[in-house]
Amino acid sequence: MTSFVPPLRKTNPHLPFGDQRTAPWYGHDIISVKEMSRKDLEYIFGVAHEMREMVARVGSFDLLKGKILANLFYEPSTRTSSSFTSAMERLGGSVIPINEVHYSSVAKGESLPDTIRTLECYTDVIVLRHPEVGAAKIAADAARKPVINAGDGIGEHPTQALLDMFTILEELHTVDGLTVTMVGDLKFGRTVHSLSRLLSLYGVKINYVAPEILRMPAEIITELDEKGVSQAQYDVLTEEVIQSSDVLYVTRVQRERFKDTAEYEKTKDAFIISPDTLTHAKDKMIVMHPFPRVNEITPGVDEDPRAAYFRQMEYGLYVRMALLAMVLGKA
Ligand code: NCD
């Protein structure tokens with residue numbers, strides 16, 4: 001495992017006074033989880049934990065006072081975009097939201113690198129969600145300021161995977177030795193692509209439960225095989241699988257990624273988790289979901305203490321506060 005060495009490429013001659021140029025994540029992009037080590041995660045979660053305590057104690061504080069975030073979303077978002085906004089504002093910074101790409105120069109045909117190079121003139125960090133795999137890397141290569149990938153098509157969603165790992169740790173206090181079962185659209189779901197890679201840093205068993213056409217991509221299975229992760233694939237969610245799981249990670253079938261709507265209709269309700277599904281699950285199991293949910297988890301599950309998805313959203317705030325503070329040299 002290579003550890004995450006900060007690139008020195010992003011040298012900025014206009015660094016504001018007081019930025020810690022030596023902070024380990026200063027000036028970093030967060031594009032993929034592939035280069036992250038277990039040590040990196042421990043560091044991030046340590047900072048996220050402090051953020052959680054600070055929010056509980058004082059709500060907001062001025063760590064990033066005067067800093068500006070560009071929140072550039074070419075795809076819909078509720079949690080990712082609003083939690084980044086909340087994270088920046090709780091740290092005393094401010095946000096330029098660009099959700100309506102139809103009203104920005106993107107609608108006039110501006111290229112992604114030009115949009116990025118424009119926004120970095122006005123901001124200190126850019127959060128980008130884009131429908132194409134690799135878009136975040138293109139943006140990061142064009143930028144001198146840090147770029148954070150908030151989802152690039154069916155590629156990765158590193159900040160979601162980090163908050164998912166943080167959720168598991170906060171709720172179950174360990175990752176080693178757990179059985180994690182991922183259910184739903186494992187082909188197009190970028191969150192599970194990033195999450196399975198982060199889980200591979202720990203001693204876990206992963207079950208993939210998906211309809212045949214929505215299986216976890218073969219290259220990810222191979223990547224994890226090479227790291228010695230125990231993996232199993234299923235096309236039905238069996239009672240044995242549920243009973244052996246410590247984490248049930250449910251995902252939405254990604255309608256917008258289907259070329260053929262009939263295929264979507266066939267698979268969209270392949271797995272529905274209801275209170276009945278959980279009858280024989282472990283008492284300490286947690287049910288996670290990156291949200292939005294469509295029909296995959298019935299509202300009846302929400303009252304079960306094992307339903308961790310609303311807590312998971314909250315943990316996302318602390319992880320994103322940590323990441324912003326880190327790439328801006330304040331943690
Ligand atoms: C996910 C995404 O955008 O990939 N949502 C999120 O960021 N929490 C999951 C999804 O859209 O299904």
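How many bridges join strand β6 to β7? Select residues 205-209, which form β6. Five bridges tie this strand to β7, and the two run parallel. Keep in mind throughout that the model is predicted.

**The sheet**

Stay on β6 and pick Y208. Across from Y208, in β7, stands Q233. Now widen the selection to the whole sheet. It is open, has five strands and follows the order β7-β6-β5-β8-β9, with parallel pairing. Colour the two edges next. They are β7 (230-234) and β9, each of which pairs on one side only. On average, neighbouring strands here are turned by 15° against each other, direction ignored.

**Two helices on the sheet**

Select 190-199. This is helix α6, which packs on the sheet and touches β5, β6 and β8 (247-250). The direction of α6 makes about 165° with that of β5. Then select 218-226, helix α7. Helix α7 also packs on the sheet, where it touches β6 and β7. Its direction makes about 150° with that of β7.

**The ligand**

Centre on the ligand. Which residues surround it? Show T80, R129, H157, Q160, R190, T191, R252, Q254, P290, F291 and P292 as sticks. Three of them deserve a distance label.

- H157: a polar side-chain atom sits 2.8 Å from a ligand oxygen.
- Q160: an N or O atom of the side chain is 3.1 Å from a nitrogen atom of the ligand.
- P290: here a backbone N or O atom lies 2.9 Å from a nitrogen atom of the ligand.

Switch on the surface. On its own, the ligand has 320 Å² of accessible area, and the protein covers 94% of that.

**The loop from β9 to α10**

Stay at the ligand and move to F291 and P292, both of which belong to its surroundings. P292 lies in the loop between β9 (286-288) and α10 (309-327). F291 is found in that loop too. Is F291 buried or exposed? F291 is buried, because its relative accessible area of 13% is under the 20% limit.

Check the backbone here. Most residues other than glycine have a negative phi, and most peptide bonds are trans. F291 has a positive phi, near 60°. The peptide bond from F291 to P292 is cis, with omega near 5°.

**A second positive phi**

Go to H173. Its phi is positive as well, about 65°, although H173 is not a glycine. H173 sits in the loop between α5 (158-172) and β5 (179-183). Its relative accessibility is 65%, over the 50% limit, so H173 counts as exposed.

**D152 in β4**

Select 147-152, strand β4, and zoom to D152. The relative accessible area of D152 is 7%, so the residue is buried. What touches D152, leaving aside neighbours within four places in sequence? Show H130, E132, V133, G134, A135, A136 and R190. R190 is also one of the residues around the ligand. Add N149: a polar contact of 3.2 Å joins its side chain to that of D152. Finally, draw a line between the C-alpha atoms of D152 and I31. They are separated by 9.0 Å, with the two positions 121 residues apart along the chain counted as their spacing.

**Last stop: E240**

Select 239-244, helix α8, which holds E240. E240 is exposed, with a relative accessible area of 59%. Draw one more C-alpha line, from E240 to P217. These residues are 23 apart along the chain, and the line spans 24 Å.

Notes
Residues numbered from 1 in each chain as written. Predicted model: local features only at pLDDT ≥ 70, side-chain atom pairs only at ≥ 80, totals over all residues. Heavy atoms only, no water. Helix = DSSP H or I, 4+ residues; strand = E, 2+ residues; numbered from the N terminus. Buried < 20%, exposed > 50% of the residue type's maximum accessible area, 1.4 Å probe, protein only. Pairing = 2+ DSSP bridges. Axes fitted to C-alpha atoms, helices over the stretch in contact; angles between N-to-C directions. Contact = heavy atoms within 4.5 Å. Near = heavy atom within 4 Å. Polar contact = N/O pair within 3.5 Å; in protein donor to acceptor, adjacent residues only side chain to side chain. Areas by Shrake-Rupley, 256 points an atom, 1.4 Å probe, with all protein chains shown as cover.
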